[in-house]
Amino acid sequence: MLYNDKVMFSISLRSLKGKNLFREVKHRNSPQGPKIIIDGKEYINFSSNDYLGLANHHDLIKASRLAMDKFGLGSGASRLICGGSILHEELEKKIAEFKETESALVFNSGYAANTGIIPAIADEGDAIFSDEFNHASIIDGCRLSKAKTIVYKHKDTDHLERLIRKTKAKHKIIVTDSVFSMDGDIASLKEIYELCASLNLYGRGYPAPTNCLLYIDDAHATGVLGNGKGSLVHFGLKPEPWIIQMGTFSKALGSFGAFVAGSRDPINWVLNTARSFIFSTALPSCVIAASIAALELIEKKPELINRLWANRDKAAKGITKLGYNIIESETPIIPIKTGSIKNTLKISQSLFEKGIFAPAIRPPSVKEPRIRITVTAAHSDEDIGRLIKALVTKM
Ligand SMILES: *Cc1c(COP(=O)(O)O)cnc(C)c1O
């Protein structure tokens, strides 16, 4: 087979289409927000992770403009080659304060963070224990690591403990989403925390070395759980030296990029060894400025998060009342179980025709197809009312 053999791709594409797994990009002609315009028509948008409606917030845009005036656009190089500005440093200080950790480091995206950090902290001879519903970027990070990856049943801490006890490894690293991105349920972090603490051979005292590390992906918890501070605060847990937290600026914070927060040494280790940090150009300062503004905003305006949760409860109640199964949703991510791939596409299309944008989520993103509704603080009561109404006709 030649590289320029188009036949190979057309056969593969046809097979995707045959299985209803072919995907297409839709082009929005408006800012990201509760209402978006596609092909000249307005839709109520229940598809974004812009949980607090900050993606088009004037504070973020203003901060970004000012930074653009001062620092220009491109960064020109990776951080270690001097692509970063003093704003990068300021954001890292802010994140460490926000997370109550010694240190923090900015990554270019959540995907880059997970695929860079996991191989950096889990090496040959180590074992990674990963929840079966973890995000694709975690799965890819595990694949890039030389450590052995062992998958435990979704949220099953007993299964996790059994696997940990029977596995011999130099270091054991538990990796979990705190909010699962396609199911909207929350990890059993309290149990995992206790397990991890009790398994640390050398006790809990810092700076004694430990052999059990907990890596938490707070992508959907940042700005959403624990007054916006994330899953540890939600559960009333301390950021122990054996915990590394990752989160994103791209979802509730309405900006772009990601961070890792933890004790000084592990973060410094990540800075020195994570390839996605070392070998990728720094984020533009105007993006960093927007992330700083977003952090300031959620501390200044707790009503944003209250509004998000009030909207979430209203939507979840309304959808459940219609008889739909929202699986185990506990957060603004509300999946609706829809059976076959074909039916899921049909429902998504029918909602689209009624002016509601809610995407069909199919394998390989999930095992069971679903419509994934995400509610934000920016939705009005009327928006949520229209969603419920569009769902009334039994599908
Ligand atoms: C979205 C997401 C990421 C990736 O973050 P990006 O900034 O979009 O690259 C990582 N982990 C989880 C759980 C996510 O949902």
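How many Å separate a backbone N or O atom of glycine 110 from an oxygen atom of the ligand? I looked this up first, keeping in mind that the model is a predicted one, and I noted a separation of 2.8 Å for that backbone atom of glycine 110 and the ligand oxygen.

**Entry on the ligand.** I then listed the surroundings of the ligand and found 14 residues around it, with Gly110, Asp217, His220, Ser250 and Lys251 as the closest. For tyrosine 111 I noted a polar backbone atom 2.9 Å from an oxygen atom of the ligand. With aspartate 217 the partner on the ligand is a nitrogen atom, which I found 2.6 Å from an N or O atom of the aspartate side chain.

**Entry on α3 and α11.** I turned next to the helix packing, for which I recorded an angle and a distance, since two packed helices are described by the angle between their axes and the distance between the axes. Helix α3, residues 86-99, packs on helix α11, residues 285-300, at an angle of about 30°, and their axes are 9 Å apart. Because angles under 35 degrees count as roughly parallel, I entered α3 as roughly parallel to α11. The crossing in which α3 passes α11 is left-handed. On the α3 side I wrote down Leu87, His88, Glu90, Leu91, Lys94, Ile95 and Phe98, and on the α11 side Ser285, Ile288, Ala289, Ser291, Ile292, Leu295, Glu296, Ile298 and Glu299. Sorted by class, the residues of this contact of α3 with α11 are nine nonpolar, three polar and four charged.

**Entry on α2 and α11.** I kept α11 in view and looked at helix α2, residues 58-71, whose axis comes within 8 Å of that of α11 and crosses it at roughly 145°. Here the crossing of α2 past α11 is right-handed. From α2 I noted Asp59, Leu60, Ala63, Ser64, Ala67, Met68 and Phe71, which meet Ser285, Cys286, Val287, Ala289, Ala290, Ala293, Ala294, Leu297 and Lys300 in α11. The contact of α2 with α11 divides into 12 nonpolar, two polar and two charged residues.

**Entry on α12 and α14.** For helix α12, residues 303-321, and helix α14, residues 381-392, I recorded a packing angle of about 20° and axes 10 Å apart. The two helices, α12 and α14, are therefore roughly parallel to each other, and their crossing is right-handed. I listed Arg307, Asn311, Lys314, Ala315, Gly318 and Ile319 of α12 and Asp381, Ile384, Leu387, Ile388 and Leu391 of α14 as making the contact. By class I entered six nonpolar, two polar and three charged residues for the contact of α12 with α14.

**Entry on backbone geometry.** Which bond joins proline 363 and proline 364? I found a cis peptide bond there, with omega at about 10°, and I placed proline 364 in the loop between β12 (360-361) and β13 (370-374). I also checked aspartate 39, which is not a glycine and yet has a positive phi of about 50°; aspartate 39 sits in the loop between β1 (35-38) and β2 (41-45).

**Entry on isoleucine 278.** My last look was at isoleucine 278, which lies in helix α10, residues 275-278. Leaving aside residues up to four places away in sequence, I found that isoleucine 278 touches Ser78, Leu80, Leu271, Asn272 and Thr273. I also noted that isoleucine 278 and serine 181, 97 residues apart in sequence, are 27 Å apart from C-alpha to C-alpha.

Definitions and conventions. Residues numbered from 1 in each chain as written. Predicted model: local features only at pLDDT ≥ 70, side-chain atom pairs only at ≥ 80, totals over all residues. Heavy atoms only, no water. Axes fitted to C-alpha atoms, helices over the stretch in contact; angles between N-to-C directions. Helix = DSSP H or I, 4+ residues; strand = E, 2+ residues; numbered from the N terminus. Parallel < 35°, antiparallel > 145°, perpendicular 65-115°, else oblique. Left-handed = near helix turned anticlockwise from the far one by under 90°. Contact = heavy atoms within 4.5 Å. Nonpolar A, V, L, I, M, F, W, Y, C, P; charged D, E, K, R; others polar. Near = heavy atom within 4 Å. Polar contact = N/O pair within 3.5 Å; in protein donor to acceptor, adjacent residues only side chain to side chain.
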